[in-house]
Protein chains: 2
Amino acid sequence: MSLVQDLRAVLGDDRVLEEPVELYLYSRDASLMHGQATYVAFPHTTAEVAAVVRVAEAHAVPIIPRGAGTGLAAGAIPVDGGIVLSTTSMNQIELDVDNRTAWVGAGVINLDLSKEAEPYGLSFAPDPSSQSACTIGGNVANNSGGAHCLAEGATTSHVLGLEVVLAGGEVLVLGGQAPDTPGLDLKGLIVGSEGTLGVVTRALVRLLPIEADVRTLLLDFEDLSGATRTVSDVIAAGVVPAALEIMDQKMTTAVENWLRAGLPCDCAAILLAEVVGEPEAVEAEAALVSSIGLENGARNVQVARDEEERAILWKGRKSAFGAVAQVSPNYYLHDTVVPRSRLVETMEEVQAIADRYGLDVYNVFHAGDGNLHPLMAFDASDPVMLDKVHRAGEEMVAACLARGGALSGEHGIGLEKRDMMRDDFTELDLDAQARLKEAFDPAGLFNPAKVLPEGSRCFDFGGVRREIPDGAWL
Amino acid sequence: MSLVQDLRAVLGDDRVLEEPVELYLYSRDASLMHGQATYVAFPHTTAEVAAVVRVAEAHAVPIIPRGAGTGLAAGAIPVDGGIVLSTTSMNQIELDVDNRTAWVGAGVINLDLSKEAEPYGLSFAPDPSSQSACTIGGNVANNSGGAHCLAEGATTSHVLGLEVVLAGGEVLVLGGQAPDTPGLDLKGLIVGSEGTLGVVTRALVRLLPIEADVRTLLLDFEDLSGATRTVSDVIAAGVVPAALEIMDQKMTTAVENWLRAGLPCDCAAILLAEVVGEPEAVEAEAALVSSIGLENGARNVQVARDEEERAILWKGRKSAFGAVAQVSPNYYLHDTVVPRSRLVETMEEVQAIADRYGLDVYNVFHAGDGNLHPLMAFDASDPVMLDKVHRAGEEMVAACLARGGALSGEHGIGLEKRDMMRDDFTELDLDAQARLKEAFDPAGLFNPAKVLPEGSRCFDFGGVRREIPDGAWL
């Protein structure tokens, strides 16, 4: 039987898409890149995922696991054909309130999990800006972070167990309620592997108690370095707030023009800080953040008076990328990270690079983690401009690596940064990663051409072509 | 050249041991098992470790990495010959106070790291009971926990980077200052792999600020279940103390008879709780722990008045195993874990098993983590008794697994629990672990016959014999 017949035998006719417009939509994500899907499959159960994997193997066709397609590094796009396996129908949540955990389907939307847990006083800590759309499966694939991961860690710190379908349609359940299970840490290896080792179908996640009290502060500064120094000094003082987020003037202005959230636009940078815990500790930590901010040149410290004001401040932060879309036809967002102590100089270097190329750069970032998100706004219909954006972006990433940083803070490598992996890792290191990939996926069918760079050990093995089609950039 | 000549060419004569008494000492650890070393090697540098690995490969002889030999699961013993590679000479500490990290040699003693960091207000969170002797390399190999890992997580949460020597003498540096580096999580995979993938030579660790305030409470209960319920209720109330440790009456009495620390011996169990943070929060949390304890039947709540009293309480807890050695010629300590919500019934089952075999069982455990350490005291010169201890221990572990627990909480699998791995993992899971082992160690020279069970995929490959010599049990 043909590939599509085999897929329909497993899933039924209505859960296998093949219309050109459908394939087009499922060949993109939130990056500027696109690929070409052969079919899109919507399994409902783990057994169906395993059956789809076996069909793909029988036809030697790649499988590209996909959540909500909110990824920014082209991790979920089919590079050159293959079955896009959408997990969005796998959206069961099984709460275990006593043990403060939940088994959740890969297709569950991040925010839906926290909403489901809220009546029990619990929440899921990782909160990407895309949390109203992105899925738990995507969070696991990318080890996603978020504004509130400063104190609590990224997704890997919140995953206790995983159900995963491997080559051959084998179903493995890794980890469990008990913390730190013995043996090799397969669970930790799967988290962040961007769908290159298998398909994650369910995750057992930790839920944290909603904090007794929360206080959100907005500080504004006449220079960006005052804001970044405040971040370093707060942490040096022994306080780790739940979030420490900086937006520069360009970004603040874009958000304010769109949302009218009351953000100050006449300052170089704003710092959004949130402290949580017992009321007495919150009081003390908020006072400390304020005084350190004032010592570093903050003009004003505004404290959200109620939940409504707090929600407005956060909406401003989480809508930053959307706001830029209102003022510019295209934008390119980078995601890198440097040791916190080198944030000030790195920000200056990023600005200098943008100036040299004559580009507008907007900054919004998880300052507490040293995680930068410089965003270049431009008009992609101008090919000269597009080229400048790519070259400037590469220089920004290189500047971070030169300061002991990493290629990606939380968005993953995907296709976007695959060929920059050699700037961050040695050949020996890449080779070790490739050997692991081969151990799990000897035929090279799981999300091929991602993460590991062209020419590396895994890139060419197996029967699948790996070239990027013409026009993969826009 | 012979193996010993090659080793001496690399390390010099004085850093290769071969005398029978020396080999005997390095063929044991803190478990009841022993093996047989062929040579013991003491490299000083990473380059020397790489050279030793190449010599071992040339002669097809296993390498058994070893820290202080405090392991309880026979993870560092040479099963049937091989080079015991002692890391104890690799004990450099490079503090980076600004970034709150340190690069530390594998042979650095756990407590020495915290002592070195203390003048800067920093400390290393994982604190095994053996912290005054055990090494960072051993902590990494076993993903060691400790009384204070309840709030802060085990070793893997505190390792940002690793330097590791792999097959072929390849040296890899994994991770770095930036959190959550992209690509496959090799660093996370090496942590907890018990020396079976390569030799860890250095680790980049997170240091945490020493908390502003600390309060240590001792509660005593007329029944053990009151103490365990207190633990569940405290955590259900949204408080995660730095430590929640329980000792039963037998254990408390043994400690008190040895140390005269003033512990109450007329109660069924004592609960040692420690809360840390800002003074106001500490005050509030200590009050909450007290009131929850009293609701669950605590007779008294004693609060350490000063650092000296606090040190005495902790010395009592950390000396528990030593105390049993004063009253019994031998003891066998198990290390398992159950979901916290099932602690009470599991403790009752452990006691019932001990009663059925007519064995004395002492309990001391990380109650907050659900990590049990039932300890059976006995006289090993009686072979009937030894057999009973092993059978009772296996039943205790099985009882934990049946309640959703895991084979090991923090001591690792080593040789001791290798053949119980099938009770905790499926064949598919073990096979995936074995494929990873092969990807890193195709010749099977790194710490062979450990972790993966006899008969599994990795057990027999390579040219090395894997039988356990007669008398490996005592």
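In which helix of chain B is the place of B:N139? In this predicted model, B:N139 sits in helix α5 of chain B, which covers residues 136-142. Its relative accessibility is 2%, so B:N139 counts as buried. Leaving aside residues up to four places away in sequence, B:N139 touches B:N110, B:F124, B:P128, B:C134, B:S144 and B:T155.

A second residue of chain B, B:T38, has another setting. B:T38 belongs to the loop between α2 (20-25) and β2 (39-41) of chain B. With a relative accessibility of 30%, B:T38 counts as partly exposed, because the buried class is kept for values under 20% and the exposed class for values over 50%. Residues up to four places away in sequence again left out, B:T38 touches B:L23, B:G81 and B:G82. The contact with B:G82 has a polar component: a polar atom of the B:T38 side chain lies 2.7 Å from the backbone nitrogen of B:G82. B:Q302 is 264 residues from B:T38 along the chain, and the C-alpha atoms of the two are separated by 53 Å.

In chain A, A:Y332 is a residue of strand β16, which spans residues 330-333. A:Y332 has a relative accessible area of 7% and is therefore buried. Its side chain makes a polar contact of 2.6 Å with the side chain of A:E416. A:F321 is eleven residues from A:Y332 in sequence, and the C-alpha to C-alpha separation of A:Y332 and A:F321 is 9.9 Å.

The next topic is charge pairing. Side chains of opposite charge can pair when their charged atoms come close. Over all chains, the structure holds 48 salt bridges. One of them joins A:K250 and A:D360, whose side chains meet with an N to O distance of 3.8 Å. A:K250 is in helix α9 (residues 249-259) of chain A and A:D360 is in strand β18 (residues 360-366) of chain A, so this pair ties together parts that are 110 residues apart in sequence. Both ends of the bridge have some access to the outside by the computed values: A:K250 is partly exposed at a relative accessible area of 34%, and A:D360 counts as partly exposed at 38% relative accessibility.

In chain B, B:R342 forms a salt bridge with B:E345, and the closest N and O atoms are 3.1 Å apart. B:R342 is partly exposed, with a relative accessible area of 31%, and B:E345 counts as partly exposed at 32% relative accessibility. Salt bridges also form a network by sharing partners, and one such network joins A:R8, A:D13 and A:E18. Within that network, A:D13 forms a salt bridge with A:R8 in which the closest N and O atoms are 4.0 Å apart. A:D13 is exposed, with a relative accessible area of 57%, whereas A:R8 counts as partly exposed at 23% relative accessibility.

How many residues of chain A are in contact with chain B? The contact involves 61 residues of chain A and 61 residues of chain B. Between them the two chains bury about 4,600 Å², with 63% of that area on carbon and sulfur atoms. Two salt bridges are counted between chain A and chain B. The side chains of A:E170 and B:R435 meet in a salt bridge, at 3.8 Å from N to O. Ten residue pairs are in polar contact between chain A and chain B, with both residues at pLDDT 80 or more.

On the side of chain A that touches chain B, the elements giving two or more residues are β9 (171-175), α7 (186-190), α8 (224-236), α10 (279-295), α15 (421-424) and α16 (427-440) of chain A. Helix α16(A) gives the most to this side, with nine residues. By class, the side of chain A that touches chain B has 31 nonpolar, 17 polar and 13 charged residues.

It remains to relate the chains to each other. Two copies of a chain are related by a rotation about an axis and a shift along it. Here a turn of 180 degrees and a shift of 0.0 Å along the axis lay chain A on chain B with an RMSD of 0.0 Å. That is the relation of a two-fold axis. The same surface serves both copies, as 100% of the contact residues of chain A recur in chain B.

Definitions and conventions. Residues numbered from 1 in each chain as written. Chains lettered and ligands numbered in written order. Predicted model: local features only at pLDDT ≥ 70, side-chain atom pairs only at ≥ 80, totals over all residues. Heavy atoms only, no water. Contact = heavy atoms within 4.5 Å. Buried area = accessible area lost by both parts, 1.4 Å probe. Polar contact = N/O pair within 3.5 Å; in protein donor to acceptor, adjacent residues only side chain to side chain. Helix = DSSP H or I, 4+ residues; strand = E, 2+ residues; numbered from the N terminus. Nonpolar A, V, L, I, M, F, W, Y, C, P; charged D, E, K, R; others polar. Buried < 20%, exposed > 50% of the residue type's maximum accessible area, 1.4 Å probe, protein only. Least-squares fit on C-alpha atoms with pLDDT ≥ 70 in both.
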